[in-house]
Amino acid sequence: MKFFKTVIIGDSKTKELEKELIHLLEKEGYIQNNENFDFIISIGGDGTFLRTVQDYYEKDPLFISINMGNLGYLCEFEGNEIDKVVKLLKNPLIKEISLLEGNYENENFYALNEIRVEATHGSSIKFDVKINDTFLETIKGDGCLVSTSIGSSGLARSLGGSLVDNEIEMLEFVEKAPIENKTYQSIRSPFVLNKEKVISICNIKDKFAIAYDCKYKEFEKMNGDITIKLSNKKIRILKNAESNYILKTRRAFLG
């Protein structure tokens with residue numbers, strides 16, 4: 001017996017789709033259970049899926065993403081493919097995706113897209129960057145971002161980062177609005193790194209925040225380093241074999 005949960009954000013059309021999907025699943029013998037479930041279905045857009053992952057990754061369900069939003073870049077299925085979803089559950093094609101892991105003050109932060117270290121309240125921050133304990137640079141600016149290949153199509157791209165094939169496991173380090181003058185200089189380029197690398201953010205003297213996907217936490221002062229790496233923790237998603245990453249990229253950014 002398989003149990004499931006649905007998470008939706010959207011309009012009446014999304015709610016109607018949820019009702020139809022629940023009917024199809026219950027018809028096949030699946031039981032809806034909001035506390036103990038084998039798989040969880042996100043119905044909405046990319047934001048809905050990211051929030052679902054953040055809220056439920058610790059339960060280790062199979063994640064199913066159905067797009068009813070504008071972009072749906074992270075979603076494997078469209079709203080008109082719920083019959084396919086139900087059919088695939090009988091013999092699922094499962095893909096595992098590594099999460100990013102940030103650590104600060106003995107607290108871990110996990111993200112599917114990116115982890116950001118940012119200035120707060122309109123100020124800027126100065127900090128050092130190390131890669132595997134080797135000093136890289138000192139930056140003064142709005143902060144920095146570390147993304148996965150999946151996250152490379154999000155804010156990382158908006159900040160000038162590289163768009164990376166989502167089949168590649170890697171880290172991408174991107175500076176966020178760095179100041180450039182005779183006092184402060186930085187590489188001013190996205191830095192794509194091997195998946196084994198560990199990035200450390202050190203010596204922040206001002207208030208700052210750590211943002212991880214859709215979540216955000218502020219700190220008054222720095223106590224130790226922030227480390228960011230690709231985690232051993234993974235999520236499992238129901239893969240749509242007919243989903244074409246290159247086609248999806250063209251549609252998402254070129255129309």
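How many bridges join strand β14 to strand β15, and in which direction do the two strands run?

1. **The pair β14 and β15.** This is a predicted model. In it, β14 covers residues 208–212 and β15 covers residues 215–219. Five bridges join the two strands, and they run antiparallel.

2. **Partners across the pair.** Two positions are worth locating by eye. Tyr212 stands opposite Lys215 in β15. Ala211 has Tyr216 of β15 as its bridge partner.

3. **The turn.** β14 and β15 form a hairpin, with two residues between the strands. Asp213 sits in that turn. Its phi is positive, at about 50 degrees.

4. **The other neighbour of β14.** Strand β8, residues 114–119, is also joined to β14. Five bridges link β8 and β14, and they run antiparallel. Here Glu118 stands opposite Ala209 in β14.

5. **Cover over β14.** In a regular strand, side chains alternate between the two faces of the sheet. Are the faces of β14 covered or uncovered? Both are covered. Phe208, Ile210 and Tyr212 lie on one side and are buried. Ala209 and Ala211 lie on the other side and are buried as well. That matches the count for the strand: five of its five residues are buried.

6. **Asp46, a buried charge.** Now to another part of the chain. Asp46 lies in helix α2, which spans residues 46–56. Asp46 is buried, yet has no salt bridge. The nearest side chain of opposite charge is that of Lys248, 7.4 Å away. A salt bridge needs the two charged groups within 4 Å.

7. **What Asp46 does reach.** Which backbone nitrogen does the side chain of Asp46 reach? It is that of Leu74, at 2.8 Å. Leu74 is also among the residues that Asp46 touches, not counting residues up to four places away in sequence. The others are Leu71, Gly72, Tyr73 and Cys75.

8. **Asn67.** Asn67 is found in strand β4, residues 62–67. Why does Asn67 count as buried? Because its relative accessibility is 5%, and the cut-off for buried is under 20%.

9. **Contacts of Asn67.** The side chain of Asn67 makes a polar contact of 3.1 Å with the side chain of Glu78. Leaving aside neighbours within four places in sequence, Asn67 is in contact with Gly44, Gly45, Gly72, Cys75, Phe77, Glu78 and Gly79. Gly72 and Cys75 are also touched by Asp46.

Note on methods. Residues are numbered from 1 along each chain as its sequence is written. This is a predicted model: local features need pLDDT of at least 70, side-chain atom pairs count only at pLDDT 80 or more; totals for chains, interfaces and linings use all residues. Side-chain values use heavy atoms; hydrogens and water are left out. Two strands pair if DSSP finds at least two bridges between them. Helices (H or I, at least four residues) and strands (E, at least two) are DSSP runs, numbered from the N terminus. Buried means under 20% relative accessible area, exposed over 50%, partly exposed in between (1.4 Å probe, protein chains only). Lys and Arg count as positive and Asp and Glu as negative; His and the chain ends are not counted. A polar contact is a pair of N or O atoms within 3.5 Å; within protein, one must be able to donate a hydrogen and the other to accept it, and residues adjacent in sequence count only if both atoms are side-chain atoms. Contact means heavy atoms within 4.5 Å.
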